[in-house]
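Let's take a walk through this protein together, one stop at a time. Have the chain in view and follow along as we go.

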Amino acid sequence: MKTIIFFILLCFTFSGYAQKSKSKKVEQDTLKSTTTTGVPDKLMEKFRKEYPSAIEARWSKEPNDEYKVIFKDPPNTLQLIIYDKNWKVIRKETELDSKQIPDTIINYYKQNYPQETGYRVWLNEDASGRTYYSNGTEFGIFFDLNGRVIKRVPVPVIK
């Protein structure tokens, strides 16, 4: 009798371990794929056609029936796209590598924030046009296409 009870407990233990392992595998696969619950298949199909080399796509459903996808597109460029409820792109952000950052933005940082070396610059595209955004340690700074400052916003402190 003890052997049977031990065998049953052993089976439950392995069953629980297999379940945990399976869920971890699903999480890892989700980071590599573009499948996410709640994102319409037609939108996923549209995205795959427009960005066939996208990797590590992470989708989320936003307020107002919008969908956001963050992904990398070779050569390892981080991008963000927000689609409206009709799957039209309403905003796109593309991280620039150091060679793509306009000299005016680089010079602005050298003159005003010489201690900032790890800032990142993004090209933003939406209905109002194209701008640059940079996030440093103190401020997020918006620039026009000529590299002139539009506005600065404090970066929230995360504790």
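Lys61 is a good place to start: in this predicted model, Lys61 counts as partly exposed because its relative accessibility is 47%, between the 20% and 50% cut-offs. Its side chain meets that of Asp65 in a salt bridge, with 3.0 Å from N to O. Asp65 is partly exposed too, at 39% relative accessibility. You'll find Asp65 in the loop between E1 and E2.

Stay with Asp65 for a moment, as its backbone has something to show. Its phi is near 55°, a positive value in a residue other than glycine. Why look twice at that? Because most residues other than glycine have a negative phi. Glu56 does something similar, with a positive phi of about 55° although it is not a glycine. Glu56 lies in strand E1, and at 34% relative accessibility it counts as partly exposed.

Now step back and take in the whole fold. How many helices and strands are there in the protein? There are 3 helices and 8 strands. Read from the N terminus on, the elements run α-α-β-β-β-β-α-β-β-β-β. So much for the order; next comes how the chain packs. Of the 159 residues in the protein, 28% are buried. If you take the contacts with a separation of 6 or more, residues 24 or more positions apart account for 30% of them.

Next, look inside. The largest nonpolar core has 13 residues, and Phe47, Tyr51, Trp59, Val69, Phe71 and Tyr83 are the ones that touch the most other members. Which elements each supply at least two residues of this core? They are helix H2 (41–50) and the strands E1 (55–62), E2 (66–73) and E3 (77–83). Val69 gives you a feel for the packing: leaving aside residues up to four places away in sequence, Val69 touches Phe47, Ala57, Arg58, Trp59, Gln79, Leu80, Ile81 and Tyr83. Apart from this core lies another one, of 12 residues, including Leu96, Ile101, Ile105 and Leu123.

Back to the charged pairs. The count comes to 6 salt bridges, and you have already met one of them, between Lys61 and Asp65. Another joins Lys49 to Glu45, where the closest N and O atoms are 3.8 Å apart. Both residues lie in helix H2, 4 residues apart, which is about one turn of the helix. How open are the two partners to the outside? Lys49 counts as exposed because its relative accessibility is 65%, over the 50% cut-off, whereas Glu45 is partly exposed, with a relative accessible area of 41%.

A third pair reaches further along the chain. The side chains of Arg120 and Glu95 meet in a salt bridge of 2.7 Å, N to O. This pair links distant parts of the chain, with Arg120 in strand E5 (residues 120–126) and Glu95 in strand E4 (residues 89–95), 25 residues apart. Is Glu95 buried or exposed? With a relative accessible area of 18%, under the 20% cut-off, Glu95 is buried. Arg120, at 34% relative accessibility, counts as partly exposed.

Is there any empty space closed off inside? Rolling a probe the size of a water molecule over the atoms shows where empty space is left. A search of the whole structure finds 1 cavity of 30 Å³ or more, and about 40 Å³ of space lies in the largest cavity. Which residues line the largest cavity? The lining is made up of Tyr109, Tyr113, Glu116, Gly136, Thr137, Glu138, Phe139 and Ile141. Sorted by class, that lining has 4 nonpolar, 2 polar and 2 charged residues.

One of those lining residues, Ile141, also turns up at the last stop, Val149. Val149 is found in strand E8 (residues 149–154), and at 37% relative accessibility it counts as partly exposed. Not counting residues up to four places away in sequence, Val149 touches Tyr108, Ile141, Phe142 and Phe143. Tyr108 is 41 residues from Val149 along the chain, and the C-alpha atoms of the two are separated by 8.8 Å.

Key:
Residues are numbered from 1 along each chain as its sequence is written. This is a predicted model: local features need pLDDT of at least 70, side-chain atom pairs count only at pLDDT 80 or more; totals for chains, interfaces and linings use all residues. Side-chain values use heavy atoms; hydrogens and water are left out. A nonpolar core is a set of buried Ala, Val, Leu, Ile, Met, Phe, Trp, Tyr and Cys residues joined through side-chain atoms within 4.5 Å. Buried means under 20% relative accessible area, exposed over 50%, partly exposed in between (1.4 Å probe, protein chains only). Contact means heavy atoms within 4.5 Å. A salt bridge is a side-chain nitrogen of Lys or Arg within 4 Å of a carboxyl oxygen of Asp or Glu. On a 1 Å grid over the protein atoms alone, a cavity is a set of points where a 1.4 Å probe fits but cannot get out, and a pocket is an open set with protein on both sides within 12 Å along at least five of seven lines; lining residues have an atom within 4 Å of a point. Grid points are joined across faces, edges and corners, and a volume is the space filled by probe spheres set on the points. Ala, Val, Leu, Ile, Met, Phe, Trp, Tyr, Cys and Pro count as nonpolar, Asp, Glu, Lys and Arg as charged, and the others, Gly among them, as polar.
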